[in-house]
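Student: Could we go through this one together, bit by bit?
Tutor: Sure, let's get it on screen.

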Amino acid sequence: MSVTSGKAGLSLTQEILSYLGLANKTAAWGTLGTLRTFLSFSVEKDVQRLLRAIAGQGVDRNAIMDVLTNRSREQRQVISRAFQERTKQDLLTSLQAAVSGNLERLVVALLKPAAHFDAQELRTALKDSGSAEDVAMEILATRAPPQLQECLAVYKHDFQVEAEEDIKSETSGIVQDLLLALAKGGRESSSEVIDYHLAEEDVQALKQAEGPGTEGTWVLILTQRNPEHLLRVFEQYQRCTGHDLEQTVQNRFHGDAQMALLSLASVIRNTPLYFAEKLHQALLQETEPNYQVLTRILISRSETDLLSIRAEFRRKFGKSLYSALQDAVKGDCRLALLALCRAEDL
């Protein structure tokens, strides 16, 4: 049985905008990002300002960040090319020589093309950190299909190995199966037609997938079905069982497998909320915030849905993301991260 779908699973921001008639009018509204194309863009003026910022005796970090955090990623690439043509030097290399620490990492993230930055983050997570599953899940599960394809192509070019091979060597079990399935990009496209029969089949399959050897059912359904369908599966599963799918995951799985499945379910339910929770966790570290997580999320989502993330952060934690950054972040990165966040949410 199939019918045309209505609004389902809208985030807080999308729900508000839908009542204003702006949710799907990207030409009028732009995006739900905080960073837009700078309308008074002058590549020559920006190149000159960056040159002055690094040519004097003291580095003008505020000027560097003011330029980079107020230009779209495409405009930053134009600046990089113009800087190279004018000076015969690489802008990223020049700025890396001028700054250090967390600010240097932020500059790298701002100036690298998105696919190159994602590929480097994925490689670092798989090879050099204990957060392979977390970072890999974030990148593989939240990037649009064209972005993901480009990221994996860059990964192969830059590191001379397929990302899938590194996933196989660095992960195992259901985590490996989930990441490999996501990397293949086989998720079905969204459809305006609701397939109630398939939703019921998926609910029954998940209810029965409780014993050893049934992990493949979870992988197949959570990585192949489109998000709108899965939201209906989640809702129907709760009606049938009396508890949500996440409770079953907590009872059925343990360790990294449990965390990976819960993360994927969170992405499916509400991607902006997923990122809001990751930002909140990054800000609550004992010694200092996790600047790598803050940088990756704020930059990667600044031109897509950071407004939605801000709204979910405010709703979930009773405090704006801007205020949370003001309270937790210190040093040279503070102004840059606040600039990406853009504004207070009252």
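Tutor: One term first: buried means under 20% relative accessible area, exposed means over 50%, and partly exposed is in between (1.4 Å probe, protein chains only). You're looking at a predicted model, where local features need pLDDT of at least 70 and side-chain atom pairs count only at pLDDT 80 or more, while totals for chains, interfaces and linings use all residues. Residues are numbered from 1 along each chain as its sequence is written, and side-chain values use heavy atoms, with hydrogens and water left out.

Student: Which residues of α13 are buried?
Tutor: Helices (H or I, at least four residues) and strands (E, at least two) are DSSP runs, numbered from the N terminus. On that count α13 covers residues 196-208. Its buried residues are Ala-199, Asp-202, Val-203 and Leu-206.

Student: Seen down the axis of α13, within what arc do its buried residues fall?
Tutor: An α-helix has 3.6 residues a turn, so residues three or four places apart point the same way. The arc is taken over the directions from the helix axis to the C-beta atoms. The buried residues of α13 line one face of the helix because they fall within an arc of 100°.

Student: And which exposed residues sit on the face of α13 turned away from its buried side?
Tutor: The buried side packs against β2 (193-195), α14 (215-224), α15 (227-241) and α16 (245-252), where contact means heavy atoms within 4.5 Å. The face turned away carries His-197 and Gln-208.

Student: Which residue caps the N-terminal end of α13?
Tutor: Look for a polar contact, a pair of N or O atoms within 3.5 Å; within protein, one must be able to donate a hydrogen and the other to accept it, and residues adjacent in sequence count only if both atoms are side-chain atoms. Here a side-chain oxygen lies 3.2 Å from the backbone nitrogen of His-197. That oxygen belongs to Asp-195.

Student: How far does α13 reach from its first C-alpha to its last?
Tutor: The expected span is 1.5 Å times one less than the number of residues. With 13 residues, α13 should reach 18 Å, and the model comes close to that at 19 Å.

Student: Moving on to α12, how many of its residues are buried?
Tutor: The list has Ile-174, Val-175, Gln-176, Leu-178, Leu-179, Leu-180, Ala-181, Leu-182 and Ala-183. What covers them includes α9 (132-142), α10 (145-159), α11 (163-170), α14 and α17. So α12 is largely enclosed by the rest of the structure, and its buried count out of 12 is 9.

Student: At what angle do the axes of α12 and α17 cross?
Tutor: Axes are lines fitted to C-alpha atoms, for helices over the stretch in contact, and angles run from 0 to 180 degrees between N-to-C directions. The axes of α12 (residues 173-184) and α17 (residues 255-269) come within 8 Å, and they cross at roughly 35°.

Student: How do the residues of that contact between α12 and α17 divide into nonpolar, polar and charged?
Tutor: Ile-174, Val-175, Leu-178 and Leu-182 in α12 meet Asp-256, Ala-257, Ala-260, Leu-261 and Leu-264 in α17. Ala, Val, Leu, Ile, Met, Phe, Trp, Tyr, Cys and Pro count as nonpolar, Asp, Glu, Lys and Arg as charged, and the others, Gly among them, as polar. The split is 8 nonpolar, no polar and 1 charged.

Student: What separates the C-alpha atoms of Leu-140 and Gly-185?
Tutor: Leu-140 lies in α9 and is buried at 4% relative accessibility. Beyond four places in sequence, its partners include Leu-179, Leu-182 and Ala-183. Gly-185 comes just after α12, with a positive phi of about 65°. The two are 45 residues apart along the chain, yet their C-alpha atoms are separated by 8.6 Å.

Student: Thr-142 is in α9 too; which residue's side chain joins its side chain in a polar contact?
Tutor: Thr-142 is buried, with a relative accessible area of 12%. A polar atom of its side chain lies 2.5 Å from the backbone oxygen of Glu-138. The side-chain partner, at 2.9 Å, is Arg-143.

Student: Last one: is Ser-300 buried or exposed?
Tutor: Ser-300 lies in α19 (residues 291-301). Its side chain reaches the backbone oxygens of Arg-296 at 2.7 Å and Ile-297 at 3.4 Å. With a relative accessible area of 19%, Ser-300 is buried.
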